[in-house]
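Colleague: Got a minute? I'd like to go through how the labels on this one were decided.

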Amino acid sequence: MPASRSPAQPPTPSPAPPPAAAPREPGAVPVADYADSSPRPVPAPSVTVSTPAKPSAEPTDAPRLSVERLNAYFGASCAVHNVSVLLPDRFVTAIIGPSGCGKSTLLRCLNRMHETLPLARVEGQVLLDGQDIYGRAVNVTAVRQHVGMVFQRPTPFPTMSIRDNVAAALLTAGDRPSRARTDEIVERALRRTALWEEVKDRLRDSAVGLSGGQQQRLCIARALAVEPEVLLLDEPTASLDPISTQKVEELVYELRRDMTVVIVTHNMQQAARVSDRTAFMLAGELVEVAPTTTLFTTPRDSRTEAYITGRFG
Ligand SMILES: Nc1ncnc2c1ncn2[C@@H]1O[C@H](COP(=O)(O)OP(=O)(O)OP(=O)(O)O)[C@@H](O)[C@H]1O
Ligand SMILES: [Mg+2]
């Protein structure tokens, strides 16, 4: 990890000058796309941004996930309205916005978890590598294997050991590796979440004996064991202490080397620390998505500006 952008350190005071305005074609697609429009300086940003995570926060490859005109309902109530957004591979995209604006609902639509809730319904498309995950012949279990999810509260299986919690994902995925191979996968997943050294001597102990922060990293390890292409994190540090939060943030930083990460957070400093791109939602709509530095310094929408400067939300 480059020393210049360690999540362990507080963000440095806004070092980046406003980027040059990206030209927008007349009649450009009405999606929150990769391009920025003319930046306006924000009077008094309440969030300072770390140095950019990548040489360019503008992705060049095809997006890993492409959300197109997505609506998500609970009965007649529309929780996510007409959202279109591209989620590039090997980027961390943060989703911010006030409580109830639809962040978790949008996240759940990305791996078909939304439809597991009562009266829930989805319209629109979510393309994973170009394939609509809501297509007729799609195997929902396979979708959730490719697009893993971790929730706000740690959800270890309480009757299982630490080892079996991680290995459980392999069974759900229909994979039945040998015991030795399973042990290898478990160790690798626990090492990736920096939990191995803490639990290697108690793998057979119950997972509920772990601290909250350890349980959350165990749940991330469980999601990683099946090698997903995308990891969805819904306020993963909301119930954690600062040290555990730092470990999870460092993990997120590492994960984007080889996967797509989408993280919902109420903590704008966290979004600034860990994400390459940030999306702002309000009342079910995606207001804008931009490189994180841009969104926190020169948002193009006055509602984003009001939110990041603390004038509402
Ligand atoms: N299971 C449910 N049944 C009915 N309505 C729901 C359900 N879950 C969420 N909603 C509603 O959908 C809207 C979006 O909720 P959602 O949980 O996605 O918001 P959020 O942005 O994640 O909020 P928070 O920051 O508080 O977690 C809200 O109006 C909420 O009341
Ligand atoms: Mg939520």
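Colleague: What makes Ile-96 and β9 partners, and which residue does Ile-96 stand opposite?

Modeller: Ile-96 stands opposite Phe-280 in β9. Two strands pair if DSSP finds at least two bridges between them; four join β3 to β9 (residues 277-282), and the two run parallel. Keep in mind that this is a predicted model, where local features need pLDDT of at least 70, side-chain atom pairs count only at pLDDT 80 or more, and totals for chains, interfaces and linings use all residues. Residues are numbered from 1 along each chain as its sequence is written, with chains lettered from A and ligands numbered from 1 in the order in which they are written.

Colleague: And what joins β3 to β8?

Modeller: Four bridges again, to β8 (residues 260-264), also running parallel. Thr-93 has Val-262 as its bridge partner there.

Colleague: Why is β3 called mostly covered?

Modeller: Buried means 20 or more other C-beta atoms within 10 Å of a residue's own, exposed 12 or fewer, partly exposed in between, with C-beta atoms placed from the backbone. Five of the five residues in β3 (92-96) are buried, so the strand counts as mostly covered.

Colleague: Which residues of β3 point which way?

Modeller: Val-92, Ala-94 and Ile-96 go one way, Thr-93 and Ile-95 the other, and all are buried. In a regular strand the side chains alternate between the two faces of the sheet.

Colleague: How do you know what is a strand or a helix?

Modeller: They're DSSP runs, numbered from the N terminus: helices are H or I, at least four residues, and strands E, at least two.
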